[in-house]
Amino acid sequence: MPELPEVETIANLLRQGTESQPAIIGKKITGARLLWERCLATPTFPEFKQRLIGQEIQKIWRRGKFLCLSLPSDILLIHLRMSGDLLVELESAPVLTHHRLILNLEGGVRLAFNDARKFGRVWLVVDPATVFGDLGPEPLDPSFTALDLFHRLQASRRQIKPLLIDQSFVAGVGNIYADETLHHAKLHPLRPSHTLTFSQAERLHHSLRQVLEEGIRRNGTSIDWVYRGGDFQNYLRVYQRTGEPCLVCGTPIQKMIVGQRGTHFCPVCQPYPVLIPEAHRS
DNA sequence: CACGAGACCTGTTCGC
DNA sequence: TGCGAACAGGTCTCGT
């Protein structure tokens, strides 16, 4: 499910709390319960529990699609993958079917990792870089410029859509926001990345930020049976709008499979350009 | 290096 | 109405 804007939304909720749920910053972890063994990537559960209990949640942040909780001696990393969610609930609340890991906190509340499809993972590490691997730049970070993006596009000959969702290219973009970004930037999903001009790269850079920021502003996208409170699904321009009119030109939105992922685009707003082979250029 | 297929999972929706 | 197939916001690994 969650891409950058959804993870950012969850981080905000955990930091600030809501009318019904307290913020969890500053709270100590008092207990842990593992309900689906494989969701804990590292360390073993006994060590996890022993290291975790007594530590206080000092900071909550995001890197790409990773949710990160800083503790005094460790960092707890959570990746929600397709169907994961984090809920703050009363200790007395019933344990829902898809709860996979529960952390008890001070004050009678708990943090529950819920994940129907069991793809999500949790790590407790000292150095998050060991888990992040070669994660690309944060698209909303001011240090990520259009020129950076242009250089990265030039360094590859891959199709732009699979490249955008490659986490080592830029961090945090998934299927929904990639399709939305390409439509906003008026670029065909199959366009080879190295054929983009600098001004097209600038446009892509701008579109990527516009779309991600709007997603965050609307508290993310809530689709399928997983409701998270966001309403960006009501403002999608192409994603899951196959056959419906393009909001810009009225042409029916088309769907194709690219890199095994459903890809939605407007054939008129996002034309595939006639490319002149390099060898034939004067 | 780039791409495709398959695996990991469960739940919902689609098509006959 | 019922049932199997297809599909879903992600990522890893393996083979070509």
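This report walks through one sheet, the helices beside it and one threonine in a predicted model.

Some ground rules: residues are numbered from 1 along each chain as its sequence is written, while chains are lettered from A and ligands numbered from 1 in the order in which they are written. Local features need pLDDT of at least 70, side-chain atom pairs count only at pLDDT 80 or more, and totals for chains, interfaces and linings use all residues; side-chain values use heavy atoms, leaving out hydrogens and water.

Let's start with the sheet. Five strands (DSSP runs of E, at least two residues, numbered from the N terminus) make an open, mixed sheet in the order S2-S9-S5-S4-S3. S2 and S3 are the edge strands, each pairing on one side only; pairing takes at least two DSSP bridges between two strands. On average, neighbouring strands here are turned by 25 degrees against each other, direction ignored. S3 and S4 run antiparallel, joined by five bridges, and Ile-60 sits opposite Leu-69 in S4.

Now the helices (DSSP runs of H or I, at least four residues). Contact means heavy atoms within 4.5 Å; angles run from 0 to 180 degrees between N-to-C directions, with axes fitted to C-alpha atoms, for helices over the stretch in contact.

| Helix | Strands | Angle |
|---|---|---|
| H1 (residues 4-16) | touches S3 and S4 | about 180 degrees with S3 |
| H2 (residues 45-52) | lies across S2, S5 and S9 | about 60 degrees to S9 |

Finally, Thr-181 belongs to helix H6 (residues 175-184). Is Thr-181 buried or exposed? Thr-181 counts as buried because its relative accessible area is 0%, and buried means under 20% (1.4 Å probe, protein chains only). Not counting residues up to four places away in sequence, Thr-181 touches Leu-164, Leu-204, Ser-207, Leu-208 and Val-211.

How values were computed. Buried < 20%, exposed > 50% of the residue type's maximum accessible area, 1.4 Å probe, protein only.
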